[in-house]
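Trainee: I have a new model open and would like to learn to read it. Could we go through it with questions and short answers?

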Amino acid sequence: SQMSPARGARAPRACATRDARRRTNRRDALRGVAAAIVATCARAERANASVASEKIKRGAREFIRGDVRGAIDAFDDAIASDERFSAYMWQRGLALYYAGAYEEAAKQFRLDVAQNPNDTEESVWCFASEAMDPEKGIAYARENMLITGRDSRPVMSSVFALFAEGSEEAETRL
């Protein structure tokens, strides 16, 4: 005859089933926590992007008002809010150019062109920044001009050629 298990003792099969259930429950709980973390991070990223976007708008307003230093500060604040914006801040490059911070302006435009290699406008602004930099000048700027791909704006190939080829007109416009 079979003996029933002692009080409190569990049959091996029941233990294995219960352990499997616990592992499944723990895995499901971890998946739930992971999903919550991802959702929280996504909300934080959207919030940071929203804050950064507002700071960029503030910078544009400052620039339009003629407060170049205020614009730079706002653009720097936007980058501090969300570092992902740093390589797309051509507006910051313009403000730096007009503030006479030519080296920093050139760095900003180079970052932008690295993200958008078809944007001739930033290449030209980088050229202008380096040409105006007393440590560099026009010859340096021309030698180091960023070569861009095909810009969707047809006029930009003419603008690029104007600066890259070194016509007198380009030099006097600087």
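Trainee: Is phenylalanine 163 buried or exposed?

Mentor: Keep in mind that this is a predicted model. Phenylalanine 163 is found in helix α7, residues 155–164. Its relative accessible area is 10%. Buried means under 20%, so phenylalanine 163 is buried.

Trainee: How many Å separate the C-alpha atoms of phenylalanine 163 and serine 123?

Mentor: Look at the chain first. Phenylalanine 163 and serine 123 are 40 residues apart along it. In space, their C-alpha atoms are separated by 9.9 Å.

Trainee: Now charges. How many salt bridges does the count come to?

Mentor: The rule needs a side-chain nitrogen of Lys or Arg within 4 Å of a carboxyl oxygen of Asp or Glu. By this rule, the count of salt bridges comes to 10.

Trainee: Which residue does lysine 57 meet in a salt bridge?

Mentor: Both partners sit in helix α1, residues 12–65. Lysine 57 is partly exposed at 45% relative accessible area, and its partner is partly exposed at 42%. The N to O distance is 3.4 Å. The partner is glutamate 54.

Trainee: Why are lysine 57 and glutamate 54 separated by about one helical turn?

Mentor: An α-helix has 3.6 residues a turn, so residues three or four places apart point the same way. Lysine 57 and glutamate 54 are 3 residues apart in helix α1. Therefore their separation is about one helical turn.

Trainee: Which residue forms a salt bridge with arginine 58?

Mentor: The closest N and O atoms of the pair are 3.2 Å apart. This pair links distant parts of the chain: arginine 58 is in helix α1, its partner in helix α2 (residues 68–81), 19 residues apart. Arginine 58 is partly exposed at 30% relative accessibility. The partner is aspartate 77.

Trainee: Arginine 92 forms a salt bridge too. Is arginine 92 buried or exposed?

Mentor: Arginine 92 pairs with aspartate 76, with the closest N and O atoms 2.5 Å apart. The pair links helix α3 (residues 90–98) to helix α2, 16 residues apart. Aspartate 76 is partly exposed at 29%. At 13% relative accessibility, arginine 92 counts as buried.

Trainee: Which residues of α3 are buried?

Mentor: The cut-off is under 20% relative accessible area. Tyrosine 97, for one, has 12%, so it is buried. The buried residues of α3 are Arg92, Gly93, Leu94, Ala95, Leu96 and Tyr97.

Trainee: What phi does glycine 100 take?

Mentor: Glycine 100 comes just after α3. Its phi is positive. The value is about 85 degrees.

Trainee: On to the rings. Why is the pair of tyrosine 97 and tyrosine 98 edge-to-face?

Mentor: A pair of aromatic rings is described by the distance of the centres and the angle of the planes. The centres of tyrosine 97 and tyrosine 98 are 5.3 Å apart. Planes over 60 degrees apart count as edge-to-face. Here the angle is 85 degrees, so the pair is edge-to-face.

Trainee: What is the angle between the planes of tyrosine 97 and tyrosine 102?

Mentor: Tyrosine 102 is buried, with a relative accessible area of 18%. Its ring and that of tyrosine 97 lie 5.4 Å centre to centre. This pair is edge-to-face, and the angle is 70 degrees.

Trainee: Which residues do ring pairs link into a cluster?

Mentor: The structure holds 6 aromatic pairs. The cluster they form includes Tyr97, Tyr98 and Tyr102. In full, the members are Phe63, Tyr97, Tyr98, Tyr102, Phe109 and Trp125.

Trainee: Which residues touch the most other members of the largest nonpolar core?

Mentor: In soluble globular proteins, nonpolar side chains tend to be buried together. The largest nonpolar core here has 21 residues. Its largest share, 6 residues, comes from α2. The residues touching the most other members are Phe75 and Ala95.

Trainee: Last topic. Which helix gives the most to the lining of the second largest pocket?

Mentor: About 160 Å³ of space lies in this pocket. Its lining divides into 3 nonpolar, 5 polar and 3 charged residues. Among them are Thr120, Arg150 and Phe160. The top contributor gives 3 residues, and that helix is α7.

Methods. Residues are numbered from 1 along each chain as its sequence is written. This is a predicted model: local features need pLDDT of at least 70, side-chain atom pairs count only at pLDDT 80 or more; totals for chains, interfaces and linings use all residues. Side-chain values use heavy atoms; hydrogens and water are left out. Helices (H or I, at least four residues) and strands (E, at least two) are DSSP runs, numbered from the N terminus. Buried means under 20% relative accessible area, exposed over 50%, partly exposed in between (1.4 Å probe, protein chains only). On a 1 Å grid over the protein atoms alone, a cavity is a set of points where a 1.4 Å probe fits but cannot get out, and a pocket is an open set with protein on both sides within 12 Å along at least five of seven lines; lining residues have an atom within 4 Å of a point. Grid points are joined across faces, edges and corners, and a volume is the space filled by probe spheres set on the points. Ala, Val, Leu, Ile, Met, Phe, Trp, Tyr, Cys and Pro count as nonpolar, Asp, Glu, Lys and Arg as charged, and the others, Gly among them, as polar. Rings of Phe, Tyr and Trp (its six-membered ring) pair if their centres lie within 6.5 Å; planes under 30 degrees apart count as stacked, over 60 as edge-to-face and the rest as tilted. A nonpolar core is a set of buried Ala, Val, Leu, Ile, Met, Phe, Trp, Tyr and Cys residues joined through side-chain atoms within 4.5 Å.
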